[in-house]
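Please open the structure in a viewer and keep the sequence panel visible beside it. The tour below proceeds by selections, each followed by a short account of what is found there.

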Amino acid sequence: MFGQKKTFGAGGPPKKPPPPAADEAAPSPPPEAPRSQESAAPQAKTPMFREESPPAPQGEAPATTKSAPPPASQEQTQPLKSMEGDVFADVGQHTEEEEATSAESLTALRLQRARTRIWSDLRDGIDLKALARMDAKGAREEVLSAVQEIARFRNLDLTAAELQQIGKECADDMLGFGPLEELLDRDDIADIMVNGPDTTYIEVKGKIERAPIRFRDNQHLTTICQRIVGAIGRRVDEASPICDARLADGSRVNIIIPPLAVDGSTMTIRKFTKDKLTLEKLLDFGSMSPSCAKLIMAVGRCRVNVLVSGGTGSGKTTMLNCLTRYIEPGERIITCEDACELQLQQPHVVRLETRPPNLEGIGEVTMRDLVKNCLRMRPERIIVGEVRGPEAFDLLQAMNTGHDGSMGTVHANNPREAVSRMENMIAMGGLNLPTIAVREQIASAVNVIIQVQRLRDGSRKTTHVTEITGMEGEVVQMQHLFELEIVGEDDDGKLQTRLKSSRVRPAFYDKARSFGVADLVMDAMNEAYG
């Protein structure tokens with residue numbers, strides 16, 4: 001259609017060709033009959049346009065009128081009239097939806113083009129060295145000012161709110177952790193799970209839901225991962241694709257990148273709340289009863305060796321943080337962790353952290369190395385963030401050699417399994433010790449096991465407070481001081497529970513009396529039973 005136009009001469013347009021000869025007659029009428037029927041059928045289906053059929057064209061065979069359907073009756077035409085109104089209503093509704101969708105897509109396209117243009121100019125024009133010398137607030141103001149200047153120079157069609165949003169995104173990318181800043185600012189999120197550049201999930205109030213953020217591409221996500229681990233002097237790349245790190249607020253980060261992560265870089269953040277959790281707040285959340293909280297206070301005060309047991313995401317580190325609040329301010333505490341996440345409030349605290357090997361495969365410092373070194377630093381309490389290997393034996397040795405009040409966490413489903421896990425981890429160290437010797441070591445070192453669990457409704461509860469009373473034959477003996485009982489379930493799917501007391505006097509009662517908390521222990525047991 002875009003070719004050269006045809007011009008006609010003085011004689012005007014060409015004349016129509018002469019009619020065909022008699023022996024070259026047009027096709028016979030019968031094949032035309034189906035076309036008449038096809039054209040007549042929709043006319044009969046839509047009588048709202050006319051009530052009677054048009055006259056047959058000249059030259060048409062009379063047989064075509066016989067194939068037309070009979071006129072519709074009154075009962076048949078009534079549904080068609082109501083259908084007509086519904087059809088046009090749906091058409092109008094679909095048109096409005098299509099217009100709204102089209103407008104949204106045009107707005108998104110306009111914003112995306114503006115982001116790309118601003119980001120390109122900002123990256124090429126801003127002085128990163130000068131930006132690094134500013135404080136956080138001044139640097140963000142400088143980036144926002146540069147974004148506004150670029151938008152004005154490029155004459156971009158942006159509203160003030162859109163310009164403010166793009167400025168915040170650019171500042172987050174250059175100074176923070178990109179799209180993650182929006183989630184890190186929220187205090188109701190417990191976990192952030194990034195499954196590639198396009199998919200991110202969060203845990204809110206015990207339930208997992210999808211987050212409305214995206215990274216530009218996998219390179220953008222990998223850059224953010226490298227920025228996080230670089231802040232604590234670690235690295236993540238193809239040579240070392242797995243890394244554990246932490247954020248400035250103590251939140252724990254695990255990163256794994258391609259080629260091990262097939263669908264793009266993956267990052268998991270165990271996020272801490274800005275307000276530190278205490279036993280009082282756990283009481284408000286319904287994680288334990290008041291009498292159980294009293295007993296845990298006494299356990300933290302009277303230098304009892306404690307293991308906090310639970311599954312992944314059950315609240316072990318939170319419980320350990322709550323226990324440490326009741327340690328005397330003058331005690332010297334040394335913590336050993338893979339990534340420092342404990343938040344101790346005492347003034348005399350030394351924090352140690354493991355180190356992965358370098359590019360040459362040397363320089364690694366394991367948890368066992370840290371626990372061994374603790375014994376030479378005159379500790380009064382040793383706290384191991386997570387016992388997961390041969391360091392279990394060194395921790396038990398420390399508990400048995402005058403470092404009362406030491407604590408640690410272990411992954412297990414109940415207190416009995418926690419003891420079995422300790423046995424297995426000691427065996428991982430290659431020590432040829434008899435099983436009964438290992439169990440005697442555990443029974444004499446560990447006094448109390450606090451079991452925490454995440455229930456199926458998403459709530460986190462203290463399910464057991466159990467003490468180890470000694471050995472009987474080759475079996476470690478233990479008794480439950482508190483045990484969780486599930487009573488029922490309400491209409492919202494929340495489990496109704498209660499902590500039941502055994503009302504027995506704990507074996508550590510004499511030690512509690514020496515620290516002046518014996519009455520607190522007995523009140524807790526009696527209140528729960530009553």
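The tour begins with the whole chain, turns to a sheet and its strands, and ends at a pair of helices.

**The whole chain**

Display the complete chain, bearing in mind that this is a predicted model. Its secondary structure comes to 17 helices and 15 strands. Of the 530 residues, 39% count as buried. The accessible surface of the chain comes to about 30500 Å², and 52% of that area belongs to carbon and sulfur atoms. Among contacts between residues at least 6 apart in sequence, 56% join residues at least 24 apart.

**The sheet of nine strands**

Next, show the strands of the open sheet, whose order is E9-E8-E10-E11-E7-E12-E13-E14-E15, with mixed pairing. Which strands form the edges of this sheet? They are E9 (349-353) and E15 (495-501), each of which pairs on one side only. Neighbouring strands of the sheet are turned by 25° against each other on average, direction ignored.

Now add residues 290-301, which form helix H10. This helix packs on the sheet and touches E7, E10 (381-384), E12 (448-454), E13 (460-472), E14 (475-489) and E15. The direction of H10 makes about 150° with that of E14.

**Strand E7 and strand E11**

Select residues 306-310 for E7 and residues 407-411 for E11; the two strands pair in the parallel sense over five bridges. Labels on individual residues make the pairing easy to follow. Val306 has Met407 in E11 as its bridge partner, and Val308 stands opposite Thr409 in E11.

Keep E11 selected and add E10. These two strands run parallel and are joined by two bridges, with Val384 opposite Gly408 in E11. Why can E11 be described as largely enclosed by the rest of the structure? Four of its five residues are buried, so the description applies to E11.

**Strand E12 and its partners**

Return to E7 and add E12. The two strands pair in the parallel sense over four bridges, and Ser309 stands opposite Gln451 in E12. Because five of the seven residues of E12 are buried, this strand too is largely enclosed by the rest of the structure.

Then add E13, on the other side of E12 in the strand order. In what sense do E12 and E13 pair, parallel or antiparallel? Their pairing is antiparallel, over seven bridges. Val448 stands opposite Glu467 in E13. E12 and E13 form a hairpin with five residues between them. Centre the view on Gly458 in the turn, which has a positive phi of about 95°.

**Helices H13 and H14**

Finally, hide the sheet and select residues 391-400 for H13 and residues 415-428 for H14. The two helices pack at an angle of about 110°, with their axes 7 Å apart. Since angles of 65 to 115 degrees count as roughly perpendicular, that makes H13 roughly perpendicular to H14.

Which residues meet where the helices pack? From H13, show the side chains of Ala392, Phe393 and Leu396; from H14, show those of Met422, Met425 and Ile426, which they meet. By class, this contact of H13 with H14 has six nonpolar, no polar and no charged residues.

Definitions and conventions. Residues are numbered from 1 along each chain as its sequence is written. This is a predicted model: local features need pLDDT of at least 70, side-chain atom pairs count only at pLDDT 80 or more; totals for chains, interfaces and linings use all residues. Side-chain values use heavy atoms; hydrogens and water are left out. Two strands pair if DSSP finds at least two bridges between them. Axes are lines fitted to C-alpha atoms, for helices over the stretch in contact, and angles run from 0 to 180 degrees between N-to-C directions. Contact means heavy atoms within 4.5 Å. Angles under 35 degrees count as roughly parallel, over 145 as roughly antiparallel, 65 to 115 as roughly perpendicular and the rest as oblique. Ala, Val, Leu, Ile, Met, Phe, Trp, Tyr, Cys and Pro count as nonpolar, Asp, Glu, Lys and Arg as charged, and the others, Gly among them, as polar. Buried means under 20% relative accessible area, exposed over 50%, partly exposed in between (1.4 Å probe, protein chains only). Accessible areas come from the Shrake-Rupley method with a 1.4 Å probe; for residues, only the protein chains shown count as cover.
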